[in-house]
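Let's walk through this model together, starting from a single residue and working outwards. Have the structure open beside you as you read.

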Amino acid sequence: KEQTLAVIKPDAMEEHKEEILGEICASGFSITQLKETVLSRDVAEKFYIHHRDKPFYIQLVDFMCRGPCMLLVLTKENAVEDWRSLMGPSDPQLAQQTMPTSLRARFASDILHNALHGSSNQEQAQEKIQLLFGDITSH
Ligand code: ATP
Ligand code: MG
C-alpha cells in the first residue's frame, strides 16, 4: 500500500488534534508511525526547502517551529491523493467555498496557518518521512 506524510501543524494542535486523528481513522488510513515533537529550526527549514525563495518562507518556518506538531505516516491505497483531498485546498477560504467538509475548511485559519501538511507525491513523501523519522523507517 501507499504511504504519505501528514503533519498536524502547531495552529491545530491545541484545539483540533483529537478530532483530526478521528477523521484520519474514519477515512480508512492506518497510522503506521506517529510522533509529537517541536521541530527544530534546521529541520523546519529543510522540510520546506523547496519554498526557500517564496516571500512567506521565513514566516512559514517560524510558524512550523512555534509549538508541537504531530507527525504521521499514513498508509492506505492511494494515500497521497486521498490525504490531500481530505485536507482540502491550502487556502481555507477556498476550502470553505469548494470543499466545506474538508479538514482545512473546518480547522484552518488562513493560508499560512492552515492546520495540516500532506506530501504532494510519493517521492516527496519518502524524502520527508526520512527527514522526520530518520532511521526508524529502515528498521
Ligand atoms: P503543504 O505543503 O503544507 O502540505 P500545500 O502543498 O497545500 O501545503 P504549498 O504551496 O506547498 O501548499 O505551501 C506550503 C505551506 O506554505 C502552506 O501549507 C502554507 O502553510 C504556506 N503558504 C502557502 N502559500 C502561502 C501564502 N501565499 N502566504 C503565506 N503562507 C503560504
Ligand atoms: Mg506543499
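Leaving aside its neighbours within four places in sequence, V7 is in contact with C69, M70, L71, L116 and H117 (contact: C-beta atoms, placed from the backbone, within 7 Å). This is a predicted model, where local features need pLDDT of at least 70, side-chain atom pairs count only at pLDDT 80 or more, and totals for chains, interfaces and linings use all residues. Residues are numbered from 1 along each chain as its sequence is written, while chains are lettered from A and ligands numbered from 1 in the order in which they are written.

Now for the sheet. Four strands (DSSP runs of E, at least two residues, numbered from the N terminus) form an open sheet in the order β2-β3-β1-β4, with antiparallel pairing (strands pair if DSSP finds at least two bridges between them). Because β2 (30-37) and β4 (116-118) stand at the edges with a single partner strand each, one side of each has no neighbour in the sheet. Between β2 and β3 (residues 69-76) there are 7 bridges, and S30 has T75 as its bridge partner in β3.

On to the core. The largest nonpolar core has 33 residues, and V7, L74 and L116 have the most contacts inside it. Such a core is a set of buried Ala, Val, Leu, Ile, Met, Phe, Trp, Tyr and Cys residues joined through C-beta atoms within 7 Å (buried: 20 or more other C-beta atoms within 10 Å of the residue's own, again placed from the backbone). Strand β3 gives the largest share of this core, 6 residues.

How values were computed
Buried ≥ 20, exposed ≤ 12 C-beta atoms within 10 Å, placed from the backbone. Contact = placed C-beta atoms within 7 Å.
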